[in-house]
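Let's take a walk through this protein, from its overall make-up to its inside. Have the sequence and the 3D view at hand as you read.

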Amino acid sequence: MLRRFAWTLALGLALAQGSTTPDSSPITAILVLEEDVIEDGQILSYVGSQPYPVATEKELRVLIKKLAREPKRPRFILQDGRWRGVEKKGLAFDEAEVLAAYREALANGRKSFRLPVRYLPPTPSLKDLYALGIREHLATGETDFRGSSRERAHNLLLASSKLDGLLIPPGTFSFNQALGPITEEEGYKEAFVIVGDRTEQGVGGGVCQVSTTLFRAFFLAGLPIKERHAHSYQVAYYKPTGLDAAVIQPYKDLKVVNDTPGHILVQRSVVGTRLRFHLFGTKDREVRWEGPFISDRKPPLPPREIPAPSLPPGVRKQVDFAAEGARVEVRRTVRYRDGRVLENKVVSVYRPWGAVYLVGPTPLPEAPPAPPAQGGGAP
């Protein structure tokens with residue numbers, strides 16, 4: 001449904017008293033702005049205006065160069081507890097057309113004129129998204145990467161940025177396919193990754209935090225989960241436990257089904273060390289979840305040390321934390337607006353894990369002190 005709201009346009013097109021000569025007194029250039037928004041599941045159009053006094057053609061040329069802008073893609077923003085879809089259309093001006101409008105206003109004794117402007121919608125535009133069914137907030141997934149190494153933080157921020165603005169059509173979604181290769185050529189760095197029962201350096205360490213955060217958004221949105229793998233152990237970054245999703249290209253993937261009435265928009269936000277994925281689409285279900293329910297607890301393993309020649313001699317740095325083994329269950333109930341109710345659960349079996357430390361080279365032994373000098377002579 002498209003409704004149009006018009007703000008009062010202060011165009012000021014009243015006739016001036018007396019004659020005006022070109023470039024002698026200020027005249028107001030009126031920029032009319034047209035913006036679309038999505039509010040409460042509806043797309044609305046707003047029209048407003050902004051006055052700009054100009055005294056000369058030179059000032060007018062400077063003004064239109066300042067006002068010209070490229071379009072900005074649509075975003076959803078949270079204001080007063082309500083999500084709104086917004087965009088900024090680009091503005092383009094033809095200098096000859098603008099000058100002609102200015103001169104005509106002066107010649108006819110008017111105090112103001114409307115700036116001729118061409119609006120450049122972004123691709124896709126907010127109206128395009130609305131037509132695809134992207135109309136309201138569905139869910140948000142969140143994790144915290146506090147304590148990550150610089151390389152790990154770099155990798156997860158890079159990977160999550162590649163998914164910002166992603167459109168998921170109806171059907172099966174593959175995380176690995178959407179993200180693309182995790183390689184040095186794509187900008188990823190080496191950081192610690194989990195390989196079986198070991199923690200070792202690997203390109204792209206930290207990307208699993210991205211898949212975990214997105215999995216949580218999918219889970220809370222009530223999407224069917226086709227493929228999801230728990231990590232080998234309970235990772236400290238992923239609380240609450242039981243809602244993580246490990247990916248290893250090309251062997252392990254995260255796959256879900258978009259069975260909503262339309263497309264889904266993925267939008268990333270980073271606040272401090274908190275990574276969030278917000279999902280927007282057409283809401284046709286309510287989700288309730290409970291847990292984690294933890295059983296079969298096993299104590300953590302002893303700590304391990306990994307030689308790290310790059311560290312200063314004698315330095316010991318913790319890179320992983322002890323975690324108990326356990327079976328963890330998280331339950332979900334999805335109630336569709338057509339009356340269907342689906343209950344399912346996510347089960348994770350974690351092995352016990354020990355703390356991991358990087359250890360620098362053994363310090364060289366200090367040289368023994370020199371013996372005191374031997375002297376002689378009569379007192």
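## Overall make-up

Helices (H or I, at least four residues) and strands (E, at least two) are DSSP runs, numbered from the N terminus. On that basis, the protein has six helices and 23 strands. Keep in mind that this is a predicted model.

Of the protein's 379 residues, 43% count as buried. As for contacts with a separation of 6 or more, 76% of them come from residues 24 or more positions apart.

## The main core

In soluble globular proteins, nonpolar side chains tend to be buried together. Here, the largest nonpolar core has 48 residues, and those with the most contacts inside it are Phe175, Leu214, Phe218 and Leu279. Several elements give two or more residues to this core: strand 9 (136-144), helix 4 (150-163), helix 5 (175-179), helix 6 (207-221), strand 16 (264-271), strand 17 (274-281) and strand 23 (356-359). The one that gives the most is helix 6, with nine residues.

What is Phe175 in contact with, leaving aside its neighbours within four places in sequence? The list runs Leu163, Val207, Val210, Ser211, Leu214, Val247, Asp253 and Leu254.

## A separate core

Apart from the largest core lies another, of 18 residues. Among its members are Ile64, Leu99, Tyr102 and Leu115.

## A four-stranded sheet

Now for one of the sheets. Four strands form an open sheet in the order 9-17-16-10, with antiparallel pairing. Strand 9 and strand 10 (167-168) stand at the edges with a single partner strand each, so one side of each has no neighbour in the sheet.

Strand 10 is joined to strand 16 by two bridges, and these strands run antiparallel. If you want a spot to zoom in on, Ile168 stands opposite Ile264 in strand 16.

## The cavity

How many cavities of 30 Å³ or more are there? The count comes to one, and the largest cavity has a volume of about 70 Å³. Its lining is made up of Leu138, Leu220, Ala221, Thr260, Thr282, Lys283, Asp284, Arg285 and Val287.

Helix 6 and strand 18 (285-298) are the elements that give two or more residues to this lining. So helix 6 turns up again here, having given nine residues to the largest core. By class, the cavity lining has four nonpolar, two polar and three charged residues.

Conventions: Residues numbered from 1 in each chain as written. Predicted model: local features only at pLDDT ≥ 70, side-chain atom pairs only at ≥ 80, totals over all residues. Heavy atoms only, no water. Core = buried A, V, L, I, M, F, W, Y, C linked by side-chain atoms within 4.5 Å. Buried < 20%, exposed > 50% of the residue type's maximum accessible area, 1.4 Å probe, protein only. Contact = heavy atoms within 4.5 Å. 1 Å grid on protein atoms, 1.4 Å probe; cavity = no way out; pocket = protein on both sides within 12 Å on 5 of 7 lines; lining within 4 Å. Points joined across faces, edges and corners; volume = space filled by probe spheres on them. Nonpolar A, V, L, I, M, F, W, Y, C, P; charged D, E, K, R; others polar. Pairing = 2+ DSSP bridges.
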